Number of protein chains: 2
Amino acid sequence: MASEIMLRGVGRRTGIALWRQIADAIRAGISSGLGDETGKLPSETELAEQFGVNRHTVRSAISALVNEGILRAEQGRGTFVISPSRLTYPITRRTRFSASLAEQGQRGVSRLISHDIIEAHRDVATSLDLEEGVPVLQINSVGTSDDTPVSRTTAWFDHARFPDLLSHLKTTNSVTKAFAASGLDDYVRQSTLIEAYHATLDDIEIMGLSPGSIVLVTHAVNADLDGRPVEYSKTRFSADRVNLQIELGSNAAED
Amino acid sequence: MASEIMLRGVGRRTGIALWRQIADAIRAGISSGLGDETGKLPSETELAEQFGVNRHTVRSAISALVNEGILRAEQGRGTFVISPSRLTYPITRRTRFSASLAEQGQRGVSRLISHDIIEAHRDVATSLDLEEGVPVLQINSVGTSDDTPVSRTTAWFDHARFPDLLSHLKTTNSVTKAFAASGLDDYVRQSTLIEAYHATLDDIEIMGLSPGSIVLVTHAVNADLDGRPVEYSKTRFSADRVNLQIELGSNAAED
DNA sequence: CTTATTTGTCTAGTTATATAGACAACTGTA
DNA sequence: TACAGTTGTCTATATAACTAGACAAATAAG
């Protein structure tokens, strides 16, 4: 007998189709042990009973997850989980993208997809402790783990202070190394704000998410050892693919 | 002229009704400046054009938000935002619920709604550094800010170590004070894991959320000054009502 | 009072979701 | 081979969601 998981809780007339609620529930349930040791899901008939819906509705949900690459359906045999695990992304004083994933045996890559020199807008100027309108380097990148996109980041840097940062970024493909090449050997995470939203169409397209899925948004400020901000970034993580792990420092003495 | 905000991006055939996508977009847009200085939204006709849908579809979205208590529609005048702001909940080494909200001028109340002595399950035992099956106190509470529920927490404590904690909790209505009465003067946040999910039916009922909205889930371990875990808690925050603010300590020296 | 603008209500028709039932196609096992 | 259990496909019907258009009712301004 396949696994029996507590899968109740679909609502009607909510503006969210039953098949999508079920798809979301199955996707979330996978990480918490849905599917037996071979990764086999309960049969469509069983799932339909558990959720209290028609078998066809369950089939719509499964079809969507097959399209996402999460499930594989085999006629006569059953439906199986393809990618069981979720990534844990640590946020510490020394958060660095590639290094964090390497520790989990993941091949993490941050790929630069676009960049521009723009005038600092309100948020950016405030976070970087600059005047509004001064030139800042803005970069967009996509974070990938084992060939699956897990995040996308927009980051801003003081162009006056780091005029050659972009070329260093292009050659090293790493913020840490680009900073080092610009004469900044070390930096630490100063603050992190976390929000959660539904995926936008851009998220869906760039990270290959399914509509209605969730993104965790972090607003982060990194500063040099004197406390001067050097990077402001907004990262959108696929909540289906990553958790955020907060490691608080050993001595918190903020007022 | 009312505010013009970048509100594009509704998809079709996604399993999420257009009116719900629009409701979510408006709800999210409010905090980032949707609505002019008087809180007036663009007219239904304008919104329909911006989203590329029929006016009736926008009306469904607005109707849902009026039901949530976020908007107020006045015939002949327009539609107005009621509660514009979002709460920021800080996570530090010394995170305490009521104190955190008090700093923002919010009247924060954590209300105990149920409790039980149970046998420690896997997660709980691991997090509290106990054997599986030993008795633990489990409490459920709802966090409220200015009469709006913003979070709900399930927390576990070692019953052998803190046998009188429950009675202290009932009299003081504060974990910090209950610990103090049990002889534990100070404790700090050891680790925090953050996930995001769609609201369950329980979330919707207990916190008065709308279906399809998002909850931020934190798994937190608090420890005494010797590093022994004293509390394990899972808190579900309404992502529409709170942000999480991470304050990393001044010296992070974990390996 | 008149007019433009806004939200509120109604009817009608189309498309997307969901249910119901039947049966085919495939797999593993007795 | 026969059979039980599974996914795949088909038809039919009912309900929710969306579009379209028209007009009423309230508000504010000329």
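**Confidence and the surface near DNA strand D**

Guide: In this predicted model, helix 4 (residues 97-102) of chain A has the lowest mean pLDDT (72) among the elements of that chain, while strand 9 (residues 229-238) of chain A has the highest (96). Over residues 1-8 of chain A the pLDDT is below 50, and this stretch has 17 contacts in the model beyond near neighbours in sequence.

Visitor: What is the mean pLDDT of chain A, and what percentage of its residues reach 70 or more?

Guide: The mean for chain A is 86, with 89% of its residues at 70 or more.

Visitor: Why is the approach of A:Gln75 to DNA strand D called a polar contact?

Guide: A polar side-chain atom of A:Gln75 lies 3.2 Å from a base oxygen of the strand, and a pair of N or O atoms counts as a polar contact within 3.5 Å, so the term applies to this pair.

Visitor: What makes the approach of B:Trp19 to DNA strand D a polar contact?

Guide: A backbone N or O atom of B:Trp19 is 3.4 Å from a phosphate oxygen of DNA strand D; the cut-off is 3.5 Å, so this pair too is a polar contact.

Visitor: Which element gives the largest share of the surface near DNA strand D?

Guide: Helix 3 of chain A does, with three residues.

Visitor: How do the residues of that surface divide into nonpolar, polar and charged?

Guide: Five are nonpolar, 12 polar and seven charged, and of the atoms of DNA strand D within 4 Å of the protein, 61% belong to sugar or phosphate, the rest being base atoms.

Terms used:
Residues numbered from 1 in each chain as written. Chains lettered and ligands numbered in written order. Predicted model: local features only at pLDDT ≥ 70, side-chain atom pairs only at ≥ 80, totals over all residues. Heavy atoms only, no water. Near = heavy atom within 4 Å. Polar contact = N/O pair within 3.5 Å; in protein donor to acceptor, adjacent residues only side chain to side chain. Helix = DSSP H or I, 4+ residues; strand = E, 2+ residues; numbered from the N terminus. Nonpolar A, V, L, I, M, F, W, Y, C, P; charged D, E, K, R; others polar. pLDDT = per-residue confidence, 0-100. Contact = heavy atoms within 4.5 Å.
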